[in-house]
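Trainee: Could you take a close look at one part for me? I'd like to see how the N-terminal helix packs against its partners.

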Amino acid sequence: MDSVTQIVLGAAVGEAVLGKKIGNKAMVLGAIAGTIPDLDVLSSHFTDTVTALEMHRGFTHSIVFAVVFGLLFGWLLSLWDKRASLREWWWFWFLCFVTHPLLDAQTTWGTQLFWPFDLRLALKNIFVIDPLYTLPFLVFLILAMLQKRGSVKRRKFNNLGLLVSSGYLLLTLVLKGITYLKFEAALKYQNIAYTALETKPSPLNTILWTANVETEDAFLIGDYSFFDTKPIRFYPHLKNHAALGDLRKYDKVQRLIKITQGWYTVSERPDGIYLNDLRFGMVGVDPQTEKYAFSFRLEKRGDRVSVTEEPKHARDAKKLLAELWARVKGNQQLKSATIFHSPSIFLKIIRKIPFALPASRTK
């Protein structure tokens, strides 16, 4: 999640653990603890792009880190502030550290919570920035700060923030389940054969959801809003993996492919070959666009390959917000029939069945 959210979470957890004993210092230290795991982003200044991606949300987002560094920080703080015991200080830092990756594990990127095991936990039920999670949480935290130390109201407001935010996370899991069934039904109705289906919320909300569908030659991308009245449609993005050619044999490219977990396409542009990570969708809400949120230019230099992430621009973010608001309100117009990756399949299906999937049929 974003830094503000992690600061709020850390402060609330800190208050819940030691607020009664050390007052506002618990919130301050909790807020600091909530940002420490994200210091792994500094690795991008010292390593190459692929290594930095591998390290992001790795060791610092693990239970091992929470235990070991929780004990270290707990010991240091127990020497400084005797109002809490070493055990209490360790519990404070451990909970502040471990709740950070537990929240991040619910985003698309996920976390290596069980490091050193090579397993990234990503539930994909909340976007990395979600105002409906953060803002109510922040309001309750501020209300708690305004109350006297150790008061019932202070504890009540802080606990309400934790309960409301946790309740919202549970709701997102329910919404993910509902939309997954919607996409699954749409694929079945349209006779689309697929090998994998993944869903995730679109930016800043949990009303509009996106599906990535893997087929033999392409990935199909579709979206669904709870305000939709028209059928779910899927649009193809050809894998084009063969375009990598000899680049595939390089270790750095293989590691990048592993990071994408196989959800990638390859684009051939005038300035070179790009590997696009489909897990994070597009820059915009149009499933047909080929401007991906994460694209990496692969360039062969002698006996090595350089990997450079395509930069993002502020104008894309502004455009996204406008498009997102319009799309969240529902697909009021059905533009065209679903397009498939294979023309023969497309012609066969268009002759036999309609593409429209009434809302009532997806329930």
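Mentor: Here is a walk through helix 1 and the two helices it packs against, with a few other spots afterwards. Keep in mind that this is a predicted model.

Let's start with helix 5. Helix 1 covers residues 3–22, and helix 5 runs over residues 86–104. Their axes sit 9 Å apart, at an angle of about 155 degrees. Anything over 145 degrees counts as roughly antiparallel, so that is the label for helix 1 and helix 5. Their crossing is right-handed. On the helix 1 side, the contact takes in Thr5, Gln6, Leu9, Gly10, Val13, Gly14, Val17, Leu18, Lys21 and Ile22. Helix 5 answers with Glu88, Trp89, Trp91, Phe92, Leu95, Cys96, Thr99, His100, Leu103 and Asp104. Sorted by class, that contact has 11 nonpolar, six polar and three charged residues.

Now the other partner, helix 6, which spans residues 131–145. Here the angle with helix 1 is about 40 degrees and the axes are 10 Å apart. The pair is therefore oblique, and the crossing of helix 1 and helix 6 is left-handed. From helix 1 you get Val4, Thr5, Val8, Leu9, Ala11 and Ala12, which meet Tyr133, Thr134, Phe137, Leu138 and Leu141 of helix 6. This contact splits into nine nonpolar and two polar residues, with no charged ones. Notice that Thr5 and Leu9 are listed in the contact with helix 6 and also in the one with helix 5.

What about the chain linking those two partners? The loop between helix 5 and helix 6 holds Pro116, and a cis peptide bond joins Trp115 to Pro116, with omega at about 15 degrees. Another backbone detail turns up in the loop between helix 7 (152–189) and strand 1, where you'll find Asn191. Asn191 isn't a glycine, yet its phi is positive, at about 55 degrees.

Strand 1 then takes us to some enclosed space. The structure holds two cavities of 30 Å³ or more, and the second largest has about 40 Å³ of space. Its lining consists of Lys124, Glu198, Thr199, Lys200, Asn212, Trp263 and Arg279. Strand 1, residues 196–201, gives the most to that lining, with three residues. By class, the lining of the second largest cavity comes out as four charged, two polar and one nonpolar.

Key. Residues are numbered from 1 along each chain as its sequence is written. This is a predicted model: local features need pLDDT of at least 70, side-chain atom pairs count only at pLDDT 80 or more; totals for chains, interfaces and linings use all residues. Side-chain values use heavy atoms; hydrogens and water are left out. On a 1 Å grid over the protein atoms alone, a cavity is a set of points where a 1.4 Å probe fits but cannot get out, and a pocket is an open set with protein on both sides within 12 Å along at least five of seven lines; lining residues have an atom within 4 Å of a point. Grid points are joined across faces, edges and corners, and a volume is the space filled by probe spheres set on the points. Helices (H or I, at least four residues) and strands (E, at least two) are DSSP runs, numbered from the N terminus. Ala, Val, Leu, Ile, Met, Phe, Trp, Tyr, Cys and Pro count as nonpolar, Asp, Glu, Lys and Arg as charged, and the others, Gly among them, as polar. Axes are lines fitted to C-alpha atoms, for helices over the stretch in contact, and angles run from 0 to 180 degrees between N-to-C directions. Angles under 35 degrees count as roughly parallel, over 145 as roughly antiparallel, 65 to 115 as roughly perpendicular and the rest as oblique. A crossing is left-handed if the near helix is turned anticlockwise from the far one by less than a right angle, and right-handed if clockwise. Contact means heavy atoms within 4.5 Å.
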